[in-house]
Amino acid sequence: MNDPPREIIYDAKPELAAPGRLLREIFQDLFIGGRELAWRIFVRNLRGMYRQTLLGMFWIFLPPLANTAIWVFLRSRGVFNFNLVGPNGSTGVDATLYILVGMIVWQTFVEALQMPMNAVSSNRGMLSRLNFPREALILEGLYDVLLNTVIRSLLLIPAFVFFSGSLHSGFLIALPLFGLMILFAVGCGLTLVPLGTLYHDIPRLISIGLPFWMIITPVIYYLPNTWPATLLNWLNPASPLLVATRDLLLFGTTEHVAATVVFSLLALPTFVLGLVVFRVSIPALVERMVVS
Amino acid sequence: MSSEQAILEVDRVWKKYCRNLRRAMWYGVLDVASQFRFRRASRPPKELLRPGEFFAVRDVTFSMKPGECVGLIGPNGAGKSSLLKMITGLIRPDAGRIRISGRVGALIELGTGFNLQLSGRENIFINGTVLGLKKPEIERAFDGIVEFAELGAVIDDPIKTYSSGMRMRLGFSVAAHLRPQLLILDEVLAVGDVRFRMKCFQHFNDLIQQGTSIVLVTHAVGMLPRVATRTIVCEAGRIVFDGDVQRGLTIYEQGLVDQGNTQQSPGEQHWTRARIVSARTVDQAGQEQTEFCTGDDLRLEIVIECETPVREARLIAAVGSPAAETIGSMATPFQGFRFDLPMGRSVFELTLRKIPLLLGAYYFDISLYGPQLTDFCHRRTGIGGFRVVAPPIDVNGNGISGLICFEHGWRRRE
């Protein structure tokens with residue numbers, strides 16, 4: 001620890017007054033200062049999380065499996081009969097596989113969206129007592145989301161085999177789109193951190209609203225590229241990248257090209273904007289944190 | 001002190017808070033939004049207050065040189081924690097500027113980030129990383145940390161099996177191996193037993209010798225002289241004293257005594273027949289005197305006003321200190337001093353000869369009774385405050401310390 005002395009200034013000036021320096025510090029803390037800390041917290045949480053459970057890591061599989069089972073059951077009973085025809089009228093994908101893929105992508109979107117608020121909420125003690133690269137909490141949260149997604153995606157291997165699904169070359173585009181969807185969701189979650197930390201109504205509203213949000217998002221049904229259905233895709237931030245990822249995985253193509261391109265281009269700026277909001281809001285949030 | 005030498009400069013810093021939670025939440029939204037206004041007109045700090053807000057830190061200025069250990073003391077609500085949080089960068093000042101030259105290590109609460117299900121070994125690596133140490137640094141310091149915490153035999157057990165004292169020792173030990181240029185310690189001195197505490201003091205003294213500056217916040221002020229080289233006393237968000245440790249401690253205690261003076265408890269407002277109007281320490285000529293040396297004579301002047309005569313009245317005076325509460329008490333009948341209280345004003349004088357009290361602030365609790373235990377007239381607590389300002393004490397085992405100076409002698413028996 002023989003670093004040369006560095007000068008630190010704390011004053012009332014907005015950090016955004018020097019945007020270049022702010023961005024440099026954010027990315028430095030995210031990828032250099034906070035990398036080791038993020039990894040240690042990730043490993044700590046992983047070791048501690050499932051230690052007192054009987055089912056262990058099976059809990060990662062359970063939500064999409066249970067949701068898929070429920071929707072497949074409801075569909076088999078004729079409770080709902082959404083169209084599962086693919087892009088350009090293509091068919092041949094089993095309903096269970098279709099819903100399972102949708103559920104896995106949706107679950108990832110939801111986790112990524114809620115991650116920043118959960119990260120702040122579960123680390124109140126550290127945030128209000130220690131000055132460390134706070135972006136480490138976001139990086140650690142991303143590790144969590146990615147691990148859960150990878151483990152959940154393992155379900156797709158037997159599912160594709162069992163339901164005779166074929167993997168299209170669109171898979172290669174689906175993967176980066178899936179990554180951009182995660183970044184976009186984390187970015188949205190980060191911008192919600194100030195409001196969600198100050199007003200606990202926000203995370204509660206999100207939790208309550210998720211089932212309804214899922215219904216208006218084409219997770220368990222196909223969204224045709226016709227008016228007014230396509231409006232749903234443009235107005236619902238969860239929809240475009242989710243639909244494109246799922247369509248490319250199952251059918252190798254998607255009809256919603258424009259929305260996919262626009263939201264793909266928005267993903268990275270949204271993530272960066274979220275990081276900035278997170279960074280500049282933390283001191284004001286720490287001031288008002290009640291720590292038991 | 002030139003600014004080139006200072007490791008910490010706090011320059012005219014202000015911090016405001018809001019006690020009303022709902023308002024505080026809304027102000028939080030506004031504060032975050034204001035971060036996106038690139039240019040803000042700077043206003044005088046006093047114009048920054050919004051409805052319901054108050055200043056927890058007001059216009060605080062001080063600086064520190066390398067190798068200084070400053071004890072930051074003051075009663076609850078004096079603004080110490082807010083100041084520390086600003087110095088550690090947890091919250092931002094609303095006005096003013098803090099400049100730090102060097103690496104900061106902060107111990108606001110020991111063991112923050114511990115996972116109880118993991119072993120001591122795993123937690124050392126986690127806690128070390130949280131505090132800013134790199135993996136090779138932790139690996140190098142690992143044996144020293146375990147040895148310092150005296151937990152070698154149980155280091156691979158989950159720390160949920162540790163006692164709270166063991167967890168504190170582990171947390172302290174990890175933090176003790178930080179090598180920052182500025183170390184901030186908030187109420188972490190009461191760690192473990194006396195032997196471990198002495199080890200901690202030794203460690204701090206070593207750090208100071210090596211040029212580390214320490215800011216120390218504690219209510220256990222008796223420990224301060226062991227490490228602090230300077231004291232800053234805060235009251236109501238302002239610095240009221242900055243200088244010598246022992247003088248700072250007496251001013252801090254005097255503040256507590258004064259607080260007791262001005263805050264008369266509801267019970268003290270009730271009296272029957274006669275009341276104690278005032279009590280003050282005076283010199284030979286009857287002029288008020290509040291500073292004494294150990295061994296001086298002290299006179300206390302007590303003024304009583306009587307509405308209904310009290311026969312065979314009794315006065316009881318107790319000397320107390322914020323650190324020890326009641327030190328000794330004396331009542332008029334003990335010396336056969338008997339008196340009646342006629343209507344009107346009476347003045348009494350209590351003389352304490354060769355006061356054995358050591359450095360610190362003290363006060364009197366005075367009660368007035370009739371002849372029986374049930375003949376209560378009036379009681380005043382925390383009045384007649386005075387300070388003992390000399391001789392200096394030594395808490396490192398080379399002089400006298402504590403509250404009382406015993407008349408004593410040492411000899412070796414043959």
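Hi everyone, let me start with chain B, which has 8 helices and 18 strands. Please keep in mind throughout that we are looking at a predicted model.

A few overall numbers for this chain, to set the scene. Its C-alpha atoms fill a box of roughly 80 × 75 × 45 Å along the principal axes. Of the 414 residues in chain B, 42% count as buried. Then there is the contact pattern: if you take the contacts in chain B with a separation of 6 or more, 76% of them come from residues 24 or more positions apart.

Chain B also splits into domains, with domain 1 covering 95-258 and domain 2 covering 265-390. How far apart are the centres of domain 1 and domain 2 of chain B? Taken over C-alpha atoms, the separation is 42 Å. The two domains do touch: 9 residues of domain 1 of chain B are in contact with 11 residues of domain 2 of chain B. On the domain 1 side of that contact, the classes are 3 nonpolar, 4 polar and 2 charged residues.

Now to the sheets, and I'd like to begin with the six-stranded one in chain B. Following the strands across this open sheet, you read β5-β6-β7-β3-β8-β9, and the pairing is mixed. The edges are β5 (104-107) and β9 (238-243) of chain B; each has a single partner strand, so one side of each is left without a neighbour in the sheet. On average, neighbouring strands here are turned by 15° against each other, ignoring direction.

Let's walk through some of the pairings. Strand β3 of chain B, residues 69-73, runs parallel to strand β7 of chain B, residues 213-217, with 4 bridges between them. If you want a place to look on screen, find C69(B), which stands opposite I214(B) in β7(B). β3(B) also pairs in the parallel sense with strand β8 of chain B, residues 230-235, again over 4 bridges. There, V70(B) has R230(B) in β8(B) as its bridge partner.

From β8(B) to β9(B), what is the sense of the pairing, parallel or antiparallel? This pair is antiparallel, over 5 bridges. C234(B) stands opposite I239(B) in β9(B). β8(B) and β9(B) form a hairpin with 2 residues between the strands, and A236(B) in that hairpin takes a positive phi near 50°. For those of you who like checking backbone torsions, that residue is a good stop.

Next, a sheet that brings in both chains. Its 4 strands form an open sheet in the order β1(A)-β4(B)-β1(B)-β2(B), with antiparallel pairing. The edge strands are β1 of chain A and β2 (53-64) of chain B, each of which pairs on one side only. From one strand to the next, the twist averages 20°.

Where do the chains join in this sheet? β1(A) pairs with strand β4 of chain B, residues 95-101, in the antiparallel sense over 5 bridges. Within that pairing, E7(A) stands opposite S101(B) in β4(B). Moving further into chain B, 5 bridges join β4(B) to strand β1 of chain B, residues 8-18, and these two strands are antiparallel. W14(B) has A95(B) in β4(B) as its bridge partner.

Stepping back to the whole interface, 39 residues of chain A are in contact with 47 residues of chain B. Which elements give two or more residues to the chain A side? They are β1 (7-11), α2 (35-49), α5 (124-129), α8 (171-198) and α12 (257-287) of chain A. α12(A) gives the most, with 7 residues. By class, the chain A side divides into 22 nonpolar, 5 polar and 12 charged residues.

Since α8(A) has come up, let me finish with its packing inside chain A. The axes of α8(A) and helix α4 of chain A, residues 95-122, come within 7 Å and cross at roughly 35°. The crossing is right-handed. Among the residues that meet there are F109(A), L113(A) and M117(A) from α4(A), and F178(A), I182(A) and L190(A) from α8(A). Unlike the list I gave for the chain interface, charged residues are absent here: the contact of α4(A) with α8(A) has 17 nonpolar, 5 polar and no charged residues.

Thanks for listening!

Conventions
Residues are numbered from 1 along each chain as its sequence is written. Chains are lettered from A and ligands numbered from 1 in the order in which they are written. This is a predicted model: local features need pLDDT of at least 70, side-chain atom pairs count only at pLDDT 80 or more; totals for chains, interfaces and linings use all residues. Two residues are in contact if their C-beta atoms, placed from the backbone, lie within 7 Å. Ala, Val, Leu, Ile, Met, Phe, Trp, Tyr, Cys and Pro count as nonpolar, Asp, Glu, Lys and Arg as charged, and the others, Gly among them, as polar. Two strands pair if DSSP finds at least two bridges between them. Domain bounds come from an automatic or database domain assignment. A residue is buried if 20 or more other C-beta atoms lie within 10 Å of its own, exposed if 12 or fewer, and partly exposed in between; C-beta atoms are placed from the backbone. Axes are lines fitted to C-alpha atoms, for helices over the stretch in contact, and angles run from 0 to 180 degrees between N-to-C directions. A crossing is left-handed if the near helix is turned anticlockwise from the far one by less than a right angle, and right-handed if clockwise.
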